[in-house]
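Biologist: I'd like a close look at one spot in this model, with the rest of the chain as background. Could you walk me through it?

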Amino acid sequence: MENPAQDKAFPVSWDMFHRDSRALAWRLSSVGEWKAIVCITRGGLVPAGIVARELGIRTIETVCIASYHDYDTQGRLDVIKPVDPKVVDLDDGEGSGVLVIDDLVDTGKTMKVVREMLPKAHFATVYAKPVGVPMVDTFVTEVSQDTWIYFPWDMGWQFQPPLAKETAG
Ligand SMILES: O=P(O)(O)OC[C@H]1O[C@H](OP(=O)(O)OP(=O)(O)O)[C@H](O)[C@@H]1O
Ligand code: HPA
Ligand SMILES: [Mg+2]
């Protein structure tokens, strides 16, 4: 099943996201030390900034990947920009000393592609779904596979009609 129904909703506010990203940094702080962060754009940009601030990491590189082209449907995985070879070889090569950050792992396909680029890196996400869990070394919160996570940067305020509708006249 390529794209199973994800009909449960897990909405995340900015406050929640900040708190959960800090919790990720807290967890990572007892796991190891890293010389650089590689963030998987675009979703990884926000948690990478928060983790970098907490862990005092100032070298931040991107790997630019898009696969959910049509909102919640995964399509072809495009690597728009690979990791700078200088970052891959920063320590002993193959991404050692590098922390890879993304907002979530779902099927794990995105992480798998980045793992091939940086086999010795440490992989971390804020949220994880069960199918993707084997692809990630550290995460904070797991949600079920049939849940869609709604991030604050994708949401907006909207009028909610009252339960009891006014009747004309
Ligand atoms: O585990 P997977 O099934 O591969 O899905 C997870 C990836 O999908 C989303 O990125 P998306 O491709 O939507 O691009 P974006 O980060 O620019 O929103 C999300 O930010 C992860 O990077
Ligand atoms: O549950 C999700 N939410 C937002 N983006 C995603 N990309 C893959 N899965 C998800
Ligand atoms: Mg992404």
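Biologist: Let's take Thr125: does it count as buried or exposed, and why?

Modeller: Keep in mind that this is a predicted model. Thr125 counts as buried because its relative accessibility is 0%, and the cut-off for that label is under 20%. As for where it sits, Thr125 belongs to strand S6, which covers residues 122-128. Its side chain has a polar partner close by in sequence: it reaches the backbone oxygen of Tyr127 at 2.9 Å. Then there's the company from further along the chain. Leaving out residues up to four places away in sequence, Thr125 touches Leu24, Asp102, Asp103, Leu104, Val105 and Met111, and also Val136, Thr138, Phe139 and Val140.

Now zoom out to the whole protein chain. Its secondary structure amounts to four helices and eight strands, and from the N terminus the order goes β-α-β-α-β-β-α-β-α-β-β-β. Of the 169 residues, 43% are buried, and Thr125 is one of the buried ones. If you look at contacts between residues at least 6 apart in sequence, 60% of them join residues at least 24 apart.

On the outside, the chain exposes about 10000 Å², with carbon and sulfur atoms supplying 54% of that. Along the principal axes, the C-alpha atoms fill a box of roughly 75 × 35 × 25 Å. Charge-wise, there are 17 positive and 24 negative charges, and their mean positions lie 2 Å apart.

Conventions. Residues numbered from 1 in each chain as written. Chains lettered and ligands numbered in written order. Predicted model: local features only at pLDDT ≥ 70, side-chain atom pairs only at ≥ 80, totals over all residues. Heavy atoms only, no water. Helix = DSSP H or I, 4+ residues; strand = E, 2+ residues; numbered from the N terminus. Buried < 20%, exposed > 50% of the residue type's maximum accessible area, 1.4 Å probe, protein only. Polar contact = N/O pair within 3.5 Å; in protein donor to acceptor, adjacent residues only side chain to side chain. Contact = heavy atoms within 4.5 Å. Areas by Shrake-Rupley, 256 points an atom, 1.4 Å probe, with all protein chains shown as cover. Lys, Arg positive; Asp, Glu negative; His and termini not counted. Charge placed at Lys NZ, Arg CZ, Asp CG, Glu CD.
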